[in-house]
Amino acid sequence: MKERKVSIWSKVPSWAWALISLALAVALWLAASGAWPAVFASPEQVLAAFLERAESGLLWEHVWASVSRVLTGFGIAFVVSIPVAFLMAWYDPFRHVVEPWIQFIRNIPPLAYVFLIIAALGIGQVSKITVIFIAAFLVMVITIYQGVKGVDVTLIKAARVLGATQRDIFFKVTIPASTPFILVAARLGLSTSLTTLMASEIVGGDKGIGMMIQQASGYYQMDVVLLGIILLGIIGICFEKIVRFLERRFTGWQETIQQ
């Protein structure tokens, strides 16, 4: 058998690719700020806006308000979605009743019902967390449900032949086999929580990155607008890295088996 040639690109370390990507992004940013200065603030202007608001402490108040809402809404949705997904997968009557509701609401953009929630709960923290909870829950419950339904039937039959009870099958077969889907659901739920954050914050309140972006756009402070967008991207990447670490930590046994 002929050995496959190793590509020269595969020898480049990942950190070097990250630097190349970052340099390309900065170059495109500089080009955009030069071509459309009224829309794209320059890196220097965004950095100055960051330092000004970071020194005053106002920026960290906005960041903490948004992150706390995302984590709270996502956390509640994650805890609720797991039992609901398992009940849908294991009990057909429950699935037949609940699944149509989930599919119906899942196809409605959060911005469509955010005003209804704001009218019912006010513009405080509870309404914003509720909007994030609904959006994240709908994404995660479907993903986890599909994972539970996709558990290999052979594993369940083998466990029963070996004398496993329904409880043993649930905790020792179904849950471990569904763990990768649960972690994928967590990743999708965090991403959805961040995108829904904007919808929940722009309709009212005094703190949060979404509110900061809306207020800055009203005064045409494009450096602050771009700063808020970059912060959302950085927070999203951090969440992504955390979930990927957990995936490697809890599903490493799958890679071992495949090897």
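Student: Arg 95 and Asp 92 both lie in helix α4, 3 residues apart, about one turn of the helix; what makes this pair a salt bridge?

Tutor: A salt bridge requires a side-chain nitrogen of Lys or Arg within 4 Å of a carboxyl oxygen of Asp or Glu, and the closest N and O atoms of Arg 95 and Asp 92 are 3.3 Å apart, so the pair meets the definition. This is a predicted model, in which local features need pLDDT of at least 70 and side-chain atom pairs count only at pLDDT 80 or more, while totals for chains, interfaces and linings use all residues. Residues are numbered from 1 along each chain as its sequence is written, and side-chain values use heavy atoms, with hydrogens and water left out.

Student: Why is Arg 95 called buried, and what is Asp 92 called?

Tutor: Buried means under 20% relative accessible area, exposed over 50%, and partly exposed in between, with a 1.4 Å probe and protein chains only. Arg 95 has 16% relative accessibility and therefore counts as buried, whereas Asp 92, at 38%, counts as partly exposed.

Student: How do you know that Lys 207 forms a salt bridge with Glu 61?

Tutor: Their closest N and O atoms are 3.7 Å apart, which is within the 4 Å limit. The pair links distant parts of the chain, since Lys 207 is in the loop between α8 and α9 and Glu 61 is in helix α3, 146 residues apart.

Student: Why does Lys 207 count as partly exposed?

Tutor: Its relative accessibility is 25%, which falls between the two cut-offs, so Lys 207 is partly exposed.

Conventions:
Helix = DSSP H or I, 4+ residues; strand = E, 2+ residues; numbered from the N terminus.
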